[in-house]
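User: Please take a close look at the salt bridges in this model and set them in the context of the fold. A plain account will do.

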Amino acid sequence: MESNTADELRQGNPRALTLVVQRYGKSIYSYFLKKTRYPEFAEELTNDTFNRLWTYRKKIVDIQSIEAYLWSLAHSNFQNWLTKSEREKKQKADYSEDFSRNDEQTGGEDTLNAQMDMAIIVDRLNLILPEKCCQVFLLSRMHGMSYEEIAEKLSISKATVRNHLIKAKKMLSGLGSLWNYP
């Protein structure tokens, strides 16, 4: 790579980013593939890493720092992905436990249909709402938690809980009534 690649990248030259992708793309992808074992996730994480490099390119000081900064972004991306994946697994396990407990208490086909409907609603909410907003909304509406309980559980303020619920209401208002909103 040319010695002025870092300067060009920092100044926003897309050609410099192309050079960096050509130089490090395969090794970053291989790293993610080894860690995740899924090509789709590896590709997504690789793209996100280079997008972040582009977004935060002004932090690059010289040519040696491109590689170090890129690997730092890759490691950070993987840790974020891992945390999110673990959180999603835990949520699924919690929902499954709730559904199982509910099924034991009431039993029957109606419960199964209600559980399937709820799973579809939760999946759609995850697609529509930002992650934290969705989490707050589900804790409030599905689990009946108060603002204070949610704030404590998520380590955020009650005002932030309220803001997330207002945001959810606005985003969902055109989609029909799933629950009553604040």
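Analyst: The account below starts with the overall fold, then turns to the salt bridges, and ends with the cores and the surface.

The model is a predicted one. The protein contains eight helices and zero strands, so the order of elements from the N terminus reads α-α-α-α-α-α-α-α. Of its 182 residues, 30% count as buried. Among contacts between residues at least 6 apart in sequence, 57% join residues at least 24 apart. The exposed area comes to about 11800 Å², and carbon and sulfur atoms supply 50% of that area.

The count of salt bridges is five, and three of them are described here, including the pair Asp-7 and Arg-10. In that pair the closest N and O atoms lie 2.3 Å apart. Asp-7 and Arg-10 are both in helix α1 and three residues apart, which means that about one helical turn separates them. Asp-7 is partly exposed at 34% relative accessibility, and Arg-10 is also partly exposed, with a relative accessible area of 23%.

The neighbouring position in the sequence, Glu-8, has a salt bridge with Arg-15, with 3.2 Å between the closest N and O atoms. Here the two partners fall into separate classes of accessibility. Glu-8 has a relative accessible area of 14% and is therefore buried, the cut-off being under 20%. Arg-15, at 40%, is partly exposed.

A further salt bridge joins the side chains of Glu-131 and Arg-87, at 2.4 Å from N to O. This pair links distant parts of the chain: Glu-131 belongs to helix α6 (residues 131-141) and Arg-87 to helix α4, and the two are 44 residues apart. Both ends are partly exposed, Glu-131 with a relative accessible area of 40% and Arg-87 with 32%.

The nonpolar interior comes next. The largest nonpolar core has 21 residues, and Leu-9, Val-20, Phe-32 and Leu-53 have the most contacts inside it. The elements that each give two or more residues to this core are α1 (5-10), α2 (14-36), α3 (39-55) and α4 (63-106). Helix α1 thus appears in both parts of the account, because it holds Asp-7 and Arg-10 and also contributes to the largest core. Another core lies apart from the largest one; it has 17 residues, and Leu-139, Leu-154, Val-161 and Leu-165 are among them.

Tyr-24 is a further residue to place in this region of the sequence. Tyr-24 sits in helix α2 and is buried, with a relative accessible area of 7%. Tyr-24 and Phe-50 are 26 residues apart in sequence, and their C-alpha atoms are 9.7 Å apart in space.

On the surface, Leu-127, Ile-128 and Met-171 form a nonpolar patch, and together they have about 290 Å² of accessible area. Ile-128 is in helix α5 (residues 109-128). At 33% relative accessibility, Ile-128 counts as partly exposed.

Notes
Residues numbered from 1 in each chain as written. Predicted model: local features only at pLDDT ≥ 70, side-chain atom pairs only at ≥ 80, totals over all residues. Heavy atoms only, no water. Core = buried A, V, L, I, M, F, W, Y, C linked by side-chain atoms within 4.5 Å. Buried < 20%, exposed > 50% of the residue type's maximum accessible area, 1.4 Å probe, protein only. Helix = DSSP H or I, 4+ residues; strand = E, 2+ residues; numbered from the N terminus. Salt bridge = Lys/Arg side-chain N within 4 Å of Asp/Glu carboxyl O. Contact = heavy atoms within 4.5 Å. Areas by Shrake-Rupley, 256 points an atom, 1.4 Å probe, with all protein chains shown as cover. Patch = residues over 30% accessible without salt bridge, like charges linked within 9 Å, V, L, I, M, F, W, Y side chains within 5 Å.
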